[in-house]
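Let's take a walk through this structure together, one stop at a time. Have the sequence and the 3D view open as you read.

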Amino acid sequence: MQKRLVSTLALTAVAACGAPGVVPDTAVSHSVTQTATATKRPAADPDTAGAHADFDGDGKEDLVITDTSATVNGKYAAGYAAVVHGSTAGPDIQRHQVITQDSLGLGKAGTGGRFGSGAISADLDGDGRSDLITQAGSNTVFVVWGGKKKLSGAAKLTGATPVVGDFDGDGHADLVTNRNTDSKATVRFGPFTRTGKPARTKTLDLTPDKLSYYTPRPTGVGDMNGDGKDDLVVTWSHVFADGMPTPRATVVYRGAANGVLKRGPRLKDARGKDMYGSTTLTSDVNKDGFADVIISLTCEIIGDEATPEGGSRLMVAYGGKTGQSTGLKPTTIDEKTPGLPGEPVSSHCNFGYAPATGDVNGDGYADVAFSAPTKGNKMVTLVLRGGPKGLTGKNAKSLSGLPVRPMLAIQDLNGDGAAELAVGTWYASGADETVRVLRGSPSGITTSRPTLIGPADLGLKPEPGHSSDFGH
């Protein structure tokens, strides 16, 4: 069963110890990124989507673990989401909750529903607590409402690939979902009622300006120009002969007080080339008050999997008053970046794998963690510090003793201002099924005395004939 570990306020699950009928699958991925490199099998990921999930409103972020390939009540890949609440001591394993589609009372899950896909969080109903938002199937989104003791109650909406932000600047969270039938998206403006009814709704046309880029998808949210209204980051993809959408461009749609988002800049790197990739994050890495867009280009699938031209890499487009900084040029992080420890290489795929962003040392600058292959044909996990000059290799840290292909999420689970790093693995069995939570501190992430969370801690038991694989 695959599990996706999400460690941001974007993802939540109602959990009850020993949820009946939930079975971890034999091969599990533990991921902490918002999206992962194209793969035949999804994974468990700590979410890096931007909101800091606090489902009970106690001021501590909560960790979300999802396994979209979990067998639930005999249905393979029905999926689940689990929430482990934060506390002053870090993740409180005793306070956990497991949520499945079956537990919501809104229809039974079917085989392959993959509840927990694209899980994020936001306070949609305005009660001061984060709500869990997740996709199931190809065109259904569930909202599970946060509560003082646990998440409870849910609403069922139509759409896919949900993202959240305040696009009209009124202080209420808004929800954007794709429509599978065309290149349009639905913007539902908050506050929402507990039945899932928004205050108002608008249709957003995301049709690319080139016929070859006909698969648009919302992939990120942030206030890039500092006007108090979130902007929507959209990835334009081309579908090649194998039917796999491959990102080719990234476009920003500007937030507006009237709710009518307008197409803005198409993001370019320092060479003037299109910025695009498999994972898109937003955070403020140079602490100037403008959201920056972080894009990971780990590989390209153009018929066959191939190393991107110029190598795999992590790129940053800095925000500014016009939407993009005039003082900081876009940054490319690769094997040539000065100061990177661990001998990472970007001459083939997977440099920038499973990125996550957050402030791990409490200095107010967003940091970025990711993994990369090394000259010794291994993988190294790096944490890069944000600073006035943006994201650089200065004071970068290499973490040891982690899984080979870790999935990462950064989240402040104890409320001390220095966020923790949640680490899972893309494919695991046995001891590697454990999610590790590494503490943040003024000196950054420490690997000593991690908190370990395994399937048994969530009350999950393998189905007869299955191994006990636990997801991120």
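We can start with the aromatic rings, where the count comes to 2 aromatic pairs. What you're looking at is a predicted model, by the way. One of the pairs brings together Phe115 and Phe142, whose ring centres sit 6.0 Å from each other. The planes of Phe115 and Phe142 make an angle of 50°, and the pair is tilted. The label follows from the angle, because planes under 30 degrees apart would count as stacked and planes over 60 as edge-to-face.

Where do Phe115 and Phe142 lie? Phe115 belongs to the loop between strand 6 (96-100) and strand 7 (117-122), while Phe142 is part of strand 9 (residues 140-144), so their pairing ties together parts that are 27 residues apart in sequence. Are these two rings buried or exposed? Phe115 is buried, because its relative accessibility is 0% and the cut-off for buried is under 20%. Phe142 is buried as well, with a relative accessible area of 1%.

Now move along to Phe351 and Phe370, which also form an aromatic pair. Their centres are 5.3 Å apart, and with 50° between the planes this pair is tilted too. Here again distant parts of the chain are linked: Phe351 comes from the loop between strand 24 and strand 25, Phe370 from strand 26, and 19 residues separate them. Phe351 has a relative accessible area of 0%, so it counts as buried. Phe370 is likewise buried, at 0%.

While we're on rings, have a look at Phe189. Arg200 lies over the face of this ring, at 4.2 Å from its centre. Strand 13 covers 184-189 and strand 14 covers 200-205, and the loop between them has something to show us. Pro191 lies in that loop, and the peptide bond leading into it from Gly190 is cis, with omega near 5°.

Time to step back and take in the whole chain. How many helices and strands does it have? There are 0 helices and 32 strands. The chain has 472 residues, and 62% of them count as buried. If you take the contacts between residues at least 6 apart in sequence, 57% join residues that are at least 24 apart. On the outside, the accessible surface adds up to about 17200 Å², and carbon and sulfur atoms own 50% of that.

Next comes a covalent link. A disulfide is a covalent bond between the sulfur atoms of two cysteines. Searching the whole structure turns up 1 disulfide. It is formed by Cys299 and Cys349, with their sulfur atoms 1.9 Å apart. Distant parts of the chain meet here: Cys299 sits in the loop between strand 20 (292-297) and strand 21 (300-302), Cys349 in the loop between strand 24 and strand 25, and the two are 50 residues apart. Which way does the bond twist? The torsion about the S-S bond is about 50°, so this disulfide is right-handed. Cys299 is buried, at 10% relative accessibility, and Cys349 is buried too, at 14%.

The loop between strand 24 (331-333) and strand 25 (353-358) has another resident to meet, Glu343. Its phi is near 55°, a positive value in a residue that isn't a glycine. Unlike the buried Phe351 and Cys349 of this loop, Glu343 is exposed, with a relative accessible area of 52%. A little further on, Asn377 also has a positive phi without being a glycine, at about 65°. You'll find Asn377 in the loop between strand 26 (367-373) and strand 27 (379-384). Asn377 counts as exposed because its relative accessible area is 71%, and the cut-off for exposed is over 50%.

Our last stop is Ser441, in the loop between strand 31 (435-439) and strand 32 (446-453). Ser441 counts as buried, at 15% relative accessibility. What does its side chain reach? The partner is the backbone oxygen of Gly444, at 2.7 Å. Setting aside neighbours within four places in sequence, Ser441 is also in contact with Val360, Asn361 and Ala418.

How values were computed: Residues numbered from 1 in each chain as written. Predicted model: local features only at pLDDT ≥ 70, side-chain atom pairs only at ≥ 80, totals over all residues. Heavy atoms only, no water. Helix = DSSP H or I, 4+ residues; strand = E, 2+ residues; numbered from the N terminus. Buried < 20%, exposed > 50% of the residue type's maximum accessible area, 1.4 Å probe, protein only. Contact = heavy atoms within 4.5 Å. Areas by Shrake-Rupley, 256 points an atom, 1.4 Å probe, with all protein chains shown as cover. Disulfide = S-S within 2.5 Å. Phe/Tyr/Trp six-rings, centres within 6.5 Å; stacked < 30°, edge-to-face > 60°. Lys NZ or Arg CZ within 6 Å of the ring centre and 35° of its normal. Polar contact = N/O pair within 3.5 Å; in protein donor to acceptor, adjacent residues only side chain to side chain.
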